[in-house]
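Q: I have a new structure in front of me. Can you walk me through reading it, one feature at a time?

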Amino acid sequence: MPELPEVETVRRGLTRLVGGATIQSVTVLYPKMVSPEAATFVADLTGKTIEKIDRRGKYLLFRFNGDLTMVSHLRMEGKYDVQPAGSPVTKHTHVVFTLTDGRELRYTDTRKFGRMRLMATGKETTLPGLATMGPEPTEATLTFDYMKQRFQKSKKAIKPFLLDQSNIAGLGNIYVDETLWMSRIHPLQEVNTLPDFQIRQLRENIIKELNMAILGHGTTVHSFSTAFGEAGEFQNHLRVYGRKGLACQRCGTPIEKTKVAQRGTAFCPACQKYHKHVKQTMILGLTGGIATGKSTVSAVFREFDIPVIDADAIAHSVLAPGSDGVDQVWEAFGDRVFEAGKLNRKALGHIVFNDADELKRLTDITGPLISAAIKAAVSTYRRKHANLVVLDAPTLFEAGYAAKTNEIMVVKISAAQQLQRLMARDDLSEDQAESRIKSQLPLQNKIEKADVVIDNSGSVETTRVQVVEWLDKMGFIKTPAEDSAG
DNA sequence: GATGTTTCCTGACTGC
DNA sequence: TGCAGTCAGGAAACAT
């Protein structure tokens with residue numbers, strides 16, 4: 001089902017194939033598809049030259065000489081292709097444009113939902129669909145201010161709201177599900193309940209996703225193909241659509257399928273929770289590989305007075321002297337990890353890092369304690385109405401914290417740099433450093449799950465610039481005027 | 001005015 | 001195997 005990226009792919013293909021071509025004759029095999037009535041449609045187009053093909057939302061606009069525009073909507077399964085004149089047509093070919101160069105531009109549509117409308121150029125903006133069409137999803141045209149103002153006015157569920165072309169142009173069922181998953185928003189969440197940070201995430205993801213899909217020549221589901229008859233390749237990148245029952249690529253929970261506004265809707269029940277009381281504080285998960293420079297990034301957040309919850313420090317504190325954690329470790333491991341009544345962390349480490357069962361025994365104790373402490377820290381910042389809280393966790397994915405965040409930032413450097421930095425930092429041999437790196441979830445794997453990647457392979461300043469840009473884009477850096485206004 | 005439902009259409013699929 | 005029923009979905013038309 002063609003959405004904006006597919007229609008744009010068709011537009012580009014057709015421009016190359018039939019731009020400048022002249023129509024010798026037109027055959028309409030399914031009159032209901034065209035307007036004005038077929039005889040007029042045919043007469044008006046005969047002898048006309050395709051000067052240009054534009055696009056608005058999911059509509060194709062064929063521009064002919066003589067100030068004539070054909071507005072064409074592919075709806076569910078419409079397709080254009082170019083064949084030599086006289087070659088056999090299929091039973092689903094409904095309109096044939098015979099060109100003066102011996103080729104035919106054919107329109108095929110199994111469900112006959114597509115429509116073509118011929119009118120004076122300029123008049124197309126008065127068509128019901130085009131007259132009320134929302135902005136194109138680009139950086140320049142889809143602004144945060146527009147979205148915020150529009151979102152405040154509607155109590156609709158976000159899914160049907162995004163499918164409504166008068167709000168934003170070009171989104172269809174697939175990309176709505178994808179961008180809601182990317183933004184961790186439940187499809188039934190009421191539009192006017194979304195906090196600013198989620199509107200910004202959604203905006204960013206819509207623009208990013210549609211651009212990526214255009215680069216990938218669209219998504220092939222059912223029958224979409226480009227003007228060259230090739231399949232698009234973007235379906236290989238889909239994260240929720242058509243993945244019912246498969247593991248969420250972010251948190252591992254099985255993707256569920258439900259119906260929202262009469263549309264099949266895929267979502268992750270863990271990442272995309274419905275919130276009766278929407279939380280205004282954004283939780284950013286910060287992670288990376290060992291020695292990739294996470295602390296350089298967290299220092300930038302601290303510089304802007306943004307609270308950082310350090311999962312490593314919490315992990316250390318849950319086994320502090322006199323804590324419940326220490327009591328439980330004593331019960332589980334006994335005297336062998338205690339010396340003069342005090343926990344011997346080195347001895348404990350030696351046991352658990354050489355035996356997977358013992359490691360599990362320890363993490364079964366510390367895991368829930370760490371989670372509870374993180375939750376308590378987050379609650380404290382929420383009560384203080386913090387806009388943003390950073391959860392700095394080396395094992396964000398491994399420990400299952402990813403689903404508790406609104407966005408994930410991964411810090412990367414090259415494999416060679418990582419090795420060098422680790423050897424220098426911890427005074428390790430190359431073999432030792434390599435084995436430490438290999439014991440972790442591969443950095444590439446984390447990068448693939450990231451919403452934003454910070455490249456820390458350059459100077460501290462270039463890293464800082466990237467973090468500041470992200471803060472600015474997400475609206476977390478106030479101008480002096482906003483600051484004094486509170 | 002905003003929101004919800006039905007309609008258009010055919011092929012693929014499911015269950016008996 | 002054959003058949004009836006269901007599902008897929010973009011946007012306009014209609015209903016609330």
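A: Start with a pocket lining, in what is a predicted model. In the largest pocket, α12 gives the largest share of the lining, six residues.

Q: Which elements give two or more residues to the lining of the largest pocket, and how many residues line it?
A: The lining has 41 residues. Asp312, Phe353, Pro394, Thr395 and Gln440 lie nearest the centre of the pocket. The elements that supply two or more lining residues are α8 (294-303), α9 (311-317), α11 (345-352) and α12 (356-383).

Q: How is empty space found, and how much lies in the largest pocket?
A: A probe the size of a water molecule is rolled over the atoms, and this shows where empty space is left. Here the largest pocket holds about 1600 Å³ of space.

Q: How do the lining residues of the largest pocket divide into nonpolar, polar and charged?
A: There are 17 nonpolar residues, 14 polar and ten charged.

Q: Where does the largest pocket lie with respect to the domains?
A: Look at which domains supply the lining. Domain 3 (279-307 + 386-486) and domain 4 (311-385) both give residues to it, so the largest pocket lies between them.

Q: What does the domain assignment of chain A give?
A: Read the bounds in order. Domain 1 covers 4-131 and domain 2 covers 144-267. Domain 3 comes in two segments, 279-307 and 386-486, and domain 4 covers 311-385. Taken over C-alpha atoms, the centres of domain 1 and domain 4 are separated by 67 Å.

Q: What span and what secondary structure does chain A have?
A: The C-alpha trace of chain A spans about 100 × 55 × 45 Å along its principal axes. The secondary structure comes to 17 helices and 18 strands.

Q: What share of chain A is buried, and what share of its contacts joins residues 24 or more positions apart?
A: Of the 486 residues of chain A, 49% count as buried. For contacts, take those with a separation of 6 or more; residues 24 or more positions apart account for 67% of them.

Q: How many disulfides are there?
A: The count comes to zero. Check the sulfur distances against a cut-off of 2.5 Å.

Q: Why is Cys248 not bonded to Cys268?
A: The closest cysteine sulfur to that of Cys248 is in Cys268, and at 3.8 Å it is too far for a bond. Cys271 is in no disulfide either; the nearest cysteine sulfur, in Cys251, is 3.6 Å away.

Q: Is Cys248 buried or exposed?
A: Read the relative accessible area. Buried means under 20%. Cys248 has 4%, so it is buried. Cys271, with 7%, is buried as well.

Q: Where does Val42 lie, and which residues does it touch?
A: Val42 lies in helix α2 (residues 38-45). Leaving out residues up to four places away in sequence, Val42 touches Val26 and Val28. Val42 and Val26 are 16 residues apart along the chain, yet their C-alpha atoms are separated by 5.4 Å. Val42 is partly exposed, with a relative accessible area of 22%.

Q: Where does Glu190 lie, and which residues is it in contact with?
A: Glu190 lies in the loop between α6 (173-183) and α7 (196-215). Beyond its neighbours within four places in sequence, Glu190 is in contact with Lys155, Lys156, Ala157 and Tyr274. Glu190 and Ala157 are 33 residues apart in sequence, but 4.4 Å apart in space, C-alpha to C-alpha. Glu190 is partly exposed, at 25% relative accessible area.

Conventions:
Residues numbered from 1 in each chain as written. Chains lettered and ligands numbered in written order. Predicted model: local features only at pLDDT ≥ 70, side-chain atom pairs only at ≥ 80, totals over all residues. Heavy atoms only, no water. Helix = DSSP H or I, 4+ residues; strand = E, 2+ residues; numbered from the N terminus. Buried < 20%, exposed > 50% of the residue type's maximum accessible area, 1.4 Å probe, protein only. Contact = heavy atoms within 4.5 Å. Domains from an automatic or database assignment. 1 Å grid on protein atoms, 1.4 Å probe; cavity = no way out; pocket = protein on both sides within 12 Å on 5 of 7 lines; lining within 4 Å. Points joined across faces, edges and corners; volume = space filled by probe spheres on them. Nonpolar A, V, L, I, M, F, W, Y, C, P; charged D, E, K, R; others polar.
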